[in-house]
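Here is a short set of exercises to work through with the model open in your viewer. Try each task before you read its solution.

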Amino acid sequence: MNTTIKKIAVLGSGIMGSRIACHFANVGVQVLLLDVVYKDFNSDLNQKNTKLRNKNVYENLQKALATKPLPTYLPALNKHITIGNFDDDLHKIASCDWVLEAVIEDLNIKKKLFKEVEKYRNPGTIITTNTSGIPIHLMLAGRSEDFKAHFCGTHFFNPPRYLPLLEIIPTPFTKPFVVDFLTHYGQIFLGKTTVLCKNTPAFIANRIGIFSLFNIWHTANKLNLNVAQVYALSGALWGMPKSATYRLSDIVGLDTLVKVANNLSENLKTDESVSTFTLPNFIIKMLENNWLGDKTNQGFYKKFKTKDSKTEILSLNVKSFEYEKQKKIKWDDLDDFKKIENLQERLKAFYINKGKAGIFFRTTFAHLLAYCANRLPEISNDLYQIDDAMRAGFGWQLGPFQIWDALSLNTGINMIAEQEKTLAPWVSQMLKKGNYSFYKTINGISHFYHMASNTYQIIPQREKIITLNNLRPTKTVFKNAATTLIKLGDGIVNLEFNSKLNIINIDVLEGINEALNLAESQFKGLVIANQTTNFSAGADLSLILQLAQKQDWDGLNRFIKFFQNTSMRIKYAAIPIVVATQGMVLGGACEICLHASFIQLHAETYMGLVECGVGLLPAGGGCKAFADLAANEFKNNTLESNFLKNRFLTIASSKVSTSALEAVEMGFLNEGNYGISLNKDTLIFDAKQKALELSKHYTAPQPSNIKVLGNTTLAAFYTHCNNQKAAGLISDYDEFIFKKLAYVLCGGNLSAPSFVSEQYLLKLEREAFLSLCADERTQHKIAKIVQNSIN
């Protein structure tokens, strides 16, 4: 078997096929995307016109490329995809290392296609299906032994770029090395959480996810909870996506969910809770009305324009079947739950709640936990596979067995008994053996309860995953109110931010400086990383606003100077400083990255200097760093002002990259000082390895002066701002901010291009920043943003 994937054929260009093709293009694989020939009324024209014959696949791909969020990291990656059709181009699969089928969910169509595939496929080539529900083995009738040996289910979740789950479903004929290869390739090269599933209806994630959805619908209906109440109580407060239950249905499509549920109802003969997949009456009526969600412009929610052209969202009353204005839920309990930041503690608070919120929680989770436990070993041999599937496929922060651990084993058992659900015998056996949790951390390594052996075993294929939660109890070196310094081993330490949204406040800056002190004296290298959704939302705007409103300019100047000094300490540290990023890396967080020895980015890193958008400019060293990056581009080039203008526009627009690769394209990173991790779970491991590598021969950089372009270029930038204002493209206020930015980037009032020190530019940054903070428009803008973040 070829274990290098240079080229893949994706058969089927529908919603899934086209987007799977895009994700393989993201990782540099050449993609052959094929679909049926377009049928034209003029058969003679159709026979001769290749473009027309490929119309189906072309239009499907273009539709995928136009979706938001984008399916590819950069438009330039689209060139990796070549299109064709089954009649003219199926023979080209002979040059492919992997053939992936993603056609319509019809067994006969799939079997017919596989018969044709076998004519051209080379022996040893991997062949997989992306089916979400058809039993895998039924597709193999009449296929060769080699085909069967290399055949497997690979179920991607939509959108493939953003949802990390990849379910791998072998048949009895699939060779173990094929499963091992797909597991490894999915994790390392596609950035996936790979989950081994048994060939059962809907596999793991959809089986549990659809059950959870219908369980909530039935429970809410029984407790007479409306759409708004269920939205408020579940979703984010339970550690699940904000879309919660009803919005998720609108996004996916009610007809799609019902199709899966009906398939489960028909095929689950021994499932003790199969009745849960029965459609509630309100769902049947919605189907009759064709209220399917976003695809029909109304489902559980409906948008409409008010008289003043504002968009208002109504929610469906499932009793009256009228759409109603959404009212803010006024429950004291709800506010109390929102105040509990720790998810495990919040779940416990739901459990002990005596009101309707507690009843809803206990009823829902008693059934869910019992159901998941009873699915072992039916859908998987190991409980961690179910947790992985729900976190990676449905966006849950904790899987069901992790939720059970958070509540405690006995609490879950009691809750199941109170709701008269069936407890899985193996859970009772586990308790009798004196085991009281599904997971344990032993010597910093995650272990799971292995049902078959009644022992705790290391979760496999986690060699490149570092979990800070596991290390924190025994490996903490230093801790303050907003940071924790943790030993990663091999002489490398990691500093994580613990502030709300990981904002960079005084405690964080003090933590960075103390981490630098300790790392320089006792360790080989420092990683700055966390394992939350976003790396950091930037500097502490509430503190900036507070100081500005008090007109405490000395205090604000000290804070900004402290930030700048911290950035400079990072840049000139005696040891390598590697920053590992994921999600949002905004404002001040971006400025920290700009001063690091190396940046290890998760592919889904959204980086930007967004200060102008809030009426400020980068003053943690960001303007200075961009002036320096532009100066490096000046070398051997006569169009110096063009390079600086590009930097100016990047900051002025407050543009945020849509991927790590776009961050590179936007100029936030220098060649050689960054790496990209496809799998977020391996990000800190990758950063640690880079810190170790750099530490072997590390020499701290030496300060040097920066070339700035002075008044001539500054005048050109001012003219640009004036023209933009005259054209109505920017406001007076925008012009005011952008001219301050231009002044700093050009080096201030200099008669000619000059070389200036970093401290000179940092001083200009501070002065401009303070002057912007003194403006009432800026204070009003920041106040609005701070208030929105509180709400």
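## Exercises on two sheets and a cavity

V99 has I127 as its bridge partner in β5. This is a predicted model, in which local features need pLDDT of at least 70 and side-chain atom pairs count only at pLDDT 80 or more, while totals for chains, interfaces and linings use all residues. Residues are numbered from 1 along each chain as its sequence is written, and side-chain values use heavy atoms, with hydrogens and water left out.

**Exercise 1.** Work out which sheet holds β4 and β5, and find its edge strands.

*Step 1.* Begin with the pair itself: β4 (residues 98-101) and β5 (residues 126-129) run parallel, joined by 4 bridges. Strands here are DSSP E runs of at least two residues, helices are H or I runs of at least four, and both are numbered from the N terminus. Two strands pair if DSSP finds at least two bridges between them.

*Step 2.* Now widen the view: the open sheet has 8 strands with mixed pairing, in the order β3-β2-β1-β4-β5-β6-β7-β8. Its edge strands, β3 (81-85) and β8 (193-196), each pair on one side only.

**Exercise 2.** Follow the chain from β7 to β8 and give the hand of the crossover.

*Step 1.* β7 (residues 165-170) runs parallel to β8, with 4 bridges between them. Within this pair, E167 stands opposite V195.

*Step 2.* Between the two strands the chain passes through helix α8 (residues 176-188), and this β-α-β crossover is right-handed. That means that, with the strands pointing away from the viewer, the path from the first strand over the helix to the second runs clockwise.

**Exercise 3.** Describe the sheet that contains β13.

*Step 1.* β12-β13-β14 is the order of this open sheet of 3 strands, and the pairing is antiparallel. β12 (439-442) and β14 (455-458) each have a single partner strand, so one side of each lacks a neighbour in the sheet.

*Step 2.* β13 (residues 445-450) pairs with β14 over 4 bridges, and H450 has T455 as its bridge partner there.

**Exercise 4.** Which residues line the largest cavity?

*Step 1.* A cavity is a set of points on a 1 Å grid over the protein atoms alone where a 1.4 Å probe fits but cannot get out; lining residues have an atom within 4 Å of a point.

*Step 2.* The lining consists of W217, A220, N221, L225, Y246, F282, V318 and K319. Helix α9 (residues 205-222) gives the most, with 3 residues.

Conventions. On a 1 Å grid over the protein atoms alone, a cavity is a set of points where a 1.4 Å probe fits but cannot get out, and a pocket is an open set with protein on both sides within 12 Å along at least five of seven lines; lining residues have an atom within 4 Å of a point.
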